[in-house]
Amino acid sequence: QTRDLNDLPLLRSITNSLGSSIWKNAIVALTHAASAPPDGPSGSPLSYEVFVAQRSHVVQQSIAQAVGDLRMMNPSLMNPVCLVENHPSCRKNRDGHKVLPNGQTWRPQLLLLCYSIKVLSEASSLSKPQDPFDHRKLFGFRVRSPPLPYLLSWLLQSRSHPKLSADQGGENGDSDIDVDDLSDSDQEDDEDEYDKLPPFKALRKAQLAKLDKEQRKAYFEEYDYRVKLLQKKQWREELRRMRELKKGKPAVDEYGNTGEDVDPETGGPASVPVPLPDMVLPPSFDGDNPAFRYRFLEPTSQFLARPVLDTHGWDHDCGYDGVNVEHSLAIASKFPAAVSVQLTKDKKEFNIHLDSSVSAKHGENGSTMAGFDIQNVGKQLAYVFRGETKFKNLKKNKTAAGFSVTFLGENVATGLKLEDHIVVGKRLVLVGSTGTVRSKGDSAYGANLEMRLRGADFPIDQDQSTLGLSLVKWRGDLALGANFQTQLSVGRSSKVAVRAGLNNKMSGQITVRTSSSDQLQIALTGLLPIVMAIYKSIKP
């Protein structure tokens with residue numbers, strides 16, 4: 001009886017040398033079957049049947065991990081188990097056969113299992129037709145197939161194309177925002193509405209304390225209304241600046257400024273380094289808070305480096321086990337590129353995640369992106385070459401087509417995808433994508449549909465609801481999934497985020513997250529799990 005995974009290398013060697021089909025003709029023999037079971041968690045010895053079941057489950061789980069197919073844990077696919085005891089002191093019956101503590105003689109049981117498996121293997125070989133020649137089974141070796149559903153989900157992700165920044169001669173705007181969607185009449189109406197408001201004087205805390213409940217409510221409503229109108233005005237001024245930059249004109253505000261301070265030494269835009277706030281470390285019982293080790297200034301260049309936080313770190317640990325590096329550049333001053341590398345390492349594992357892409361613009365309505373990614377898939381590194389072309393065929397419609405080539409060990413997987421992005425009005429966005437990934441005769445097909453409903457004041461208040469549907473078909477299995485998430489503002493300083501997911505196997509989860517800077521009594525709900533745990537420990 002071992003409590004580690006030292007048997008895994010041996011089981012994997014058997015699987016790689018003789019093929020995974022060897023386990024269909026294997027019997028698991030547990031030796032020393034007449035020994036006394038150990039003590040259980042309660043301190044009393046385990047029953048013999050429970051001990052045998054536990055040991056059988058552990059061995060079967062190791063075999064499933066060695067094969068790489070957890071479906072072997074299905075009771076109908078598990079290996080038969082036989083108990084063996086050859087010690088001279090083992091109890092014997094009248095016929096001289098050794099008897100186990102459960103009263104059974106193990107030799108006839110083992111012979112019966114051998115005959116049964118032999119008969120079943122011959123019957124199955126006669127009932128199924130001869131398989132065609134498969135080069136993957138040559139000399140008994142078989143290359144493990146890549147996880148096509150995972151590669152498919154990676155391919156179907158929507159990606160934004162890199163754009164030139166303002167100092168590189170680009171627009172420096174969000175690709176998801178269409179500056180032509182906003183008419184000048186809407187801008188003028190909202191700006192005139194804010195400019196026509198009468199003067200407003202903000203009150204101090206002492207003055208607010210003198211107001212009654214109705215007056216305080218009216219004051220905050222008026223204050224929030226003015227703040228929202230001011231944010232809308234600033235947002236539309238930014239959109240107007242983006243539109244003028246897009247037309248090649250210098251953006252000038254109402255005071256005649258271009259919005260950029262000039263560095264007298266370099267002649268370029270002036271940049272002032274700003275210290276960023278201290279990073280939040282994971283909770284610990286240590287009195288020392290080493291957050292000062294990770295203080296750094298906000299970078300003023302296109303090169304960004306920051307530590308990676310591990311929220312599930314051990315106690316007495318700083319919580320950082322990696323570094324993330326990002327860099328944006330312009331190749332030949334007209335091809336924007338972006339590179340992001342994340343390295344994480346501990347005493348046992350080393351992980352690397354690389355995202356790199358470069359894009360080329362085709363006029364005002366199209367662009368092409370090429371990328372190279374590196375990521376960990378299990379204990380192997382996957383190298384992904386991808387390409388995508390996006391074009392705007394209508395004012396409210398964008399279509400993209402792409403491909404990917406993935407190298408994972410000795411496997412090569414190719415994939416194709418098609419994506420369409422439709423904007424209905426100013427609040428509803430529909431995104432649909434479909435694709436397939438193929439490797440060595442095995443294929444996976446999938447489709448995603450996402451509907452996003454933005455709030456009336458988006459992006460000022462960030463209220464948004466999203467409904468997503470996904471479908472994946474692989475090896476005859478059909479997986480359906482649906483997820484819904486919404487974020488709402490409740491009152492002046494509270495937000496509620498709800499997320500729910502469900503699949504066709506009727507398993508899922510619901511998450512409700514509430515954040516408030518005003519109603520601190522909401523935090524008392526966190527005591528409910530603690531109270532329930534104490535109650536169950538008293539009255540189990």
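A contact here means heavy atoms within 4.5 Å. With that in hand, load the whole chain, which is a predicted model, and start with the wide view. Among the contacts with a separation of 6 or more, 43% are between residues 24 or more positions apart. Colour by secondary structure and you'll get 8 helices and 16 strands. Switch on a surface next: about 36900 Å² is exposed, and carbon and sulfur atoms supply 58% of that. Of the 540 residues, 24% are buried.

**Colour by confidence**

Before zooming in, colour by pLDDT. The mean for the protein is 78, with 75% of residues at 70 or more. Where should you look for the lowest and highest confidence? Select helix α5 (residues 184–195) for the low end, with a mean of 58, then β11 for the high end, at 93. Now pick out residues 131–143: pLDDT is below 50 there, and the stretch has 16 contacts in the model beyond near neighbours in sequence. Residues 172–185 also stay under 50, and for them the model has 30 contacts beyond four places in sequence. Don't linger over the fine print in such spots, because predicted coordinates should not be read in detail where pLDDT is low.

**Salt bridges**

The structure holds 6 salt bridges; here are some to visit.

Go to helix α3 (residues 106–127) and show the side chains of Lys118 and Glu122, which are 4 residues apart, so about one helical turn separates them. Their side chains meet in a salt bridge, N to O 3.8 Å. Glu122 is partly exposed, with a relative accessible area of 43%.

Next, select Asp373 and Arg386, whose side chains form a salt bridge at 2.6 Å, N to O. Which strands does this pair tie together? Asp373 sits in β7 (residues 366–377) and Arg386 in β8 (residues 380–394), so the bridge links parts 13 residues apart in sequence. Are the two partners buried or exposed? Asp373 is buried, at 0% relative accessible area, and Arg386 also counts as buried, at 12%.

Then move to Lys417 and Glu419, another salt-bridged pair, at 3.3 Å from N to O. Add Glu388 to the selection: salt bridges with shared partners join Glu388, Lys417 and Glu419 into one network. Lys417 counts as buried at 6% relative accessibility, and Glu419 is buried as well, at 9%.

**Two loops with a backbone twist**

Finish on the backbone. Most residues other than glycine have a negative phi, so the next two stops are worth a click.

Select Ser333, in the loop between β4 (320–331) and β5 (335–345). Its phi is positive, about 65°, although Ser333 is not a glycine. Is Ser333 buried or exposed? Ser333 counts as exposed, with 58% relative accessibility.

Now jump to Lys440, in the loop between β11 (428–439) and β12 (442–454). Lys440 is another residue other than glycine with a positive phi, near 55°. How much of Lys440 is accessible? The relative accessible area is 33%, so Lys440 is partly exposed. While you're here, glance back along β11, the strand where confidence was highest.

Definitions and conventions:
Residues are numbered from 1 along each chain as its sequence is written. This is a predicted model: local features need pLDDT of at least 70, side-chain atom pairs count only at pLDDT 80 or more; totals for chains, interfaces and linings use all residues. Side-chain values use heavy atoms; hydrogens and water are left out. Helices (H or I, at least four residues) and strands (E, at least two) are DSSP runs, numbered from the N terminus. Buried means under 20% relative accessible area, exposed over 50%, partly exposed in between (1.4 Å probe, protein chains only). Accessible areas come from the Shrake-Rupley method with a 1.4 Å probe; for residues, only the protein chains shown count as cover. A salt bridge is a side-chain nitrogen of Lys or Arg within 4 Å of a carboxyl oxygen of Asp or Glu. pLDDT is the predictor's confidence in each residue, from 0 to 100.
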